[in-house]
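I am opening a notebook page on a structure that is new to me. My plan is to look up its enclosed spaces, then its ring contacts, and then the backbone.

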Amino acid sequence: TTSWESLKDKDGQMRLPFTDGQNPSIASLSPNPYSSSGGRTRLDPHHIQAISSTIPPEYQIESLFLGVSIFGSGQCKFGLTPQQVNEYRFSLHDEPQGGKRAVINVLTPPTNDQSGFQTIYQTTLLLEKDKPYGGGPKRALKPEKTATGYARIHQEFDDPRLFFYRGRIWILYRNGPLFGYKDQLHNPLHFEKSLDGSGFIAFVRASETVRVCCGRNIALIGEEPRRDENGKIEWLPSPSLRALTWVDPVTVVEVDLGDMDQQLRMGRKLEEGRSWSHLHRRLAGSKTSNIHGTNGYMVPLQSSGELLGIAHFHRPEHRKESEYALHGHHYTHAFFTIARDASGGENFQLKRISDEFVFRSNSIALGDFRPPNDGDIIQFSSGVDVVDDDAGEGRLIISYGINDCEGAVFSIPMSRLQMMLKGVAPKTEVVDLMSKKP
């Protein structure tokens with residue numbers, strides 16, 4: 001973080017960073033991370049050539065991972081007294097220096113001893129101001145030309161999450177000051193070599209911003225396996241981009257990309273194609289739970305024709321400040337899968353779900369030698385991905401934020417996930433299985 005913040009206080013004493021990056025979203029850079037996909041390519045290597053030419057020669061691009069984290073209004077020192085802040089050398093700032101920003105990381109592969117996922121390159125994600133950017137003329141950023149193209153600036157890409165669509169990697173995020181807090185935004189990511197040739201630049205174009213309203217932690221569906229009438233798993237050809245806007249009840253809608261989708265089909269350079277999709281919750285009645293989607297990409301499971309996600313509760317449901325945190329706290333998570341109903345139509349149903357769980361805390365208290373058998377007050381999983389066989393020896397990659405202060409990523413065998421997931425009866429929703437009350 002020293003490229004944008006000073007860690008020395010006014011007395012010249014070193015302090016900790018304001019945050020260590022919150023709510024990371026991690027995804028494989030392999031063209032096809034799954035064991036078999038019928039010749040499909042999730043990520044076209046052409047779109048990440050700038051990354052491939054930057055990584056050290058001892059690594060293969062298909063073994064690496066891309067991550068994105070927000071450096072925003074963290075809670076690292078929440079609840080500490082001024083004396084404790086000084087004793088433990090926490091930052092004296094109340095907001096990130098230079099404003100909120102998202103950082104793109106290239107990460108090493110996982111290892112058996114959990115020493116993987118180390119950063120080998122990072123860069124701040126930039127906005128290219130080639131069109132107005134914002135929810136209205138009064139607050140929108142204006143386009144800005146330069147001698148070589150358009151100006152690029154860092155911007156608030158809050159709660160960023162990665163997903164894939166038509167061979168490209170995209171980012172899903174919020175920007176409350178410019179677009180309001182109900183809309184989620186997404187853009188395709190671009191990468192190009194830096195001017196000195198030593199690294200790469202990551203950016204999104206204002207003209208390619210898609211606005212989606214009004215789900216809660218929307219997850220995108222960019223590829224989809226399904227089971228045909230004979231029980232064989234097949235890939236849905238050329239699917240449109242869809243969004244899981246609510247986990248309970250399961251609500252999946254098509255996202256209108258306007259002209260952008262046709263340009264992606266034709267492999268043409270993207271041009272202006274701003275859309276605004278209003279996504280309504282499918283409510284058969286008033287009975288719903290407080291579960292919310294968390295990850296930004298529904299990962300296909302080829303062995304079963306399902307889409308995998310992770311969701312969370314926090315108790316209490318409100319986000320008011322308390323003795324525990326500024327916002328929500330006491331999170332639990334649950335894995336779940338959805339798939340089209342038995343008719344093969346457009347309706348998706350909940351298929352399997354796990355029990356609630358927490359990630360074991362990695363924090364070691366002063367005087368102790370090992371982490372407690374407990375979770376953190378705030379845990380927010382922003383990403384899951386599957387590498388290799390989803391029904392056997394493959395790995396589930398899980399990334400999550402801790403206490404709005406730092407992030408973590410680890411992997412578990414897919415066999416363990418499959419044991420956690422439990423089948424549900426047709427037309428069952430989360431509220432039928434899990435209590436709404438604490």
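The entries below follow that order.

**Entry on the model.** I note before anything else that this is a predicted model, and I read each value with that in mind.

**Entry on cavities.** I began by asking how many cavities of 30 Å³ or more there are. The count comes to 2.

I took the largest cavity, which holds about 60 Å³ of space, and looked up its lining. The residues I found there are S25, I26, A27, R42, L162, F164, G296, Y297, G383, V384 and D385. When I traced them to strands, I saw that β1 (22–28), β9 (158–165) and β26 (379–387) each supply at least two residues of this lining. Sorted by class, the lining of the largest cavity has 6 nonpolar, 3 polar and 2 charged residues.

I then turned to the second largest cavity, where about 40 Å³ of space lies. Its lining consists of T1, W4, E5, F18, T19, F71 and P96, and by class I wrote down 4 nonpolar residues, 2 polar ones and 1 charged one.

**Entry on charges over rings.** Two members of the lining of the largest cavity, R42 and F164, came up again when I looked for charges over rings. The charged end of R42 sits over the ring of F164, at 3.9 Å from the ring centre. I also found R152 over the face of F203, with 3.7 Å to the ring centre.

**Entry on aromatic pairs.** I next looked up the aromatic pairs, of which the structure holds 15. One of them joins F65 and F117, whose centres are 5.4 Å apart with 70° between the planes, an edge-to-face arrangement. I checked where the two rings sit, and the pair links distant parts of the chain: F65 belongs to strand β2 (residues 65–71), whereas F117 lies in the loop between β3 (101–107) and β4 (119–124), 52 residues apart. Are these two rings buried or exposed? F65 is buried because its relative accessible area is 4%, under the 20% cut-off, and F117, at 9%, is buried as well.

The next pair I looked at was Y133 with F179, where the ring centres are 4.9 Å apart and the planes stand at 80°, so this pair is edge-to-face. Here too distant parts of the chain are linked, since Y133 is in the loop between β5 (126–128) and β6 (145–146) and F179 is in helix α3 (residues 176–179), 46 residues apart. Y133 counts as buried at 1% relative accessibility, and F179 counts as buried at 3%.

I closed this entry with a cluster, in which ring pairs link F335, F357, F359, Y400 and F410.

**Entry on the backbone.** I reminded myself that most residues other than glycine have a negative phi, and that most peptide bonds are trans. Which two residues does a cis peptide bond join? They are D248 and P249, with omega at about -10°, and I placed P249 in the loop between β18 (242–246) and β19 (251–254).

I then looked up positive phi values. H330, which is not a glycine, has a phi near 50°; this residue is in the loop between β23 (306–314) and β24 (331–340), and its relative accessible area of 35% makes H330 partly exposed. D388, also not a glycine, has a positive phi of about 75°. I found D388 in the loop between β26 and β27 (395–402), partly exposed with a relative accessible area of 43%.

Key
Residues numbered from 1 in each chain as written. Predicted model: local features only at pLDDT ≥ 70, side-chain atom pairs only at ≥ 80, totals over all residues. Heavy atoms only, no water. 1 Å grid on protein atoms, 1.4 Å probe; cavity = no way out; pocket = protein on both sides within 12 Å on 5 of 7 lines; lining within 4 Å. Points joined across faces, edges and corners; volume = space filled by probe spheres on them. Helix = DSSP H or I, 4+ residues; strand = E, 2+ residues; numbered from the N terminus. Nonpolar A, V, L, I, M, F, W, Y, C, P; charged D, E, K, R; others polar. Phe/Tyr/Trp six-rings, centres within 6.5 Å; stacked < 30°, edge-to-face > 60°. Buried < 20%, exposed > 50% of the residue type's maximum accessible area, 1.4 Å probe, protein only. Lys NZ or Arg CZ within 6 Å of the ring centre and 35° of its normal.
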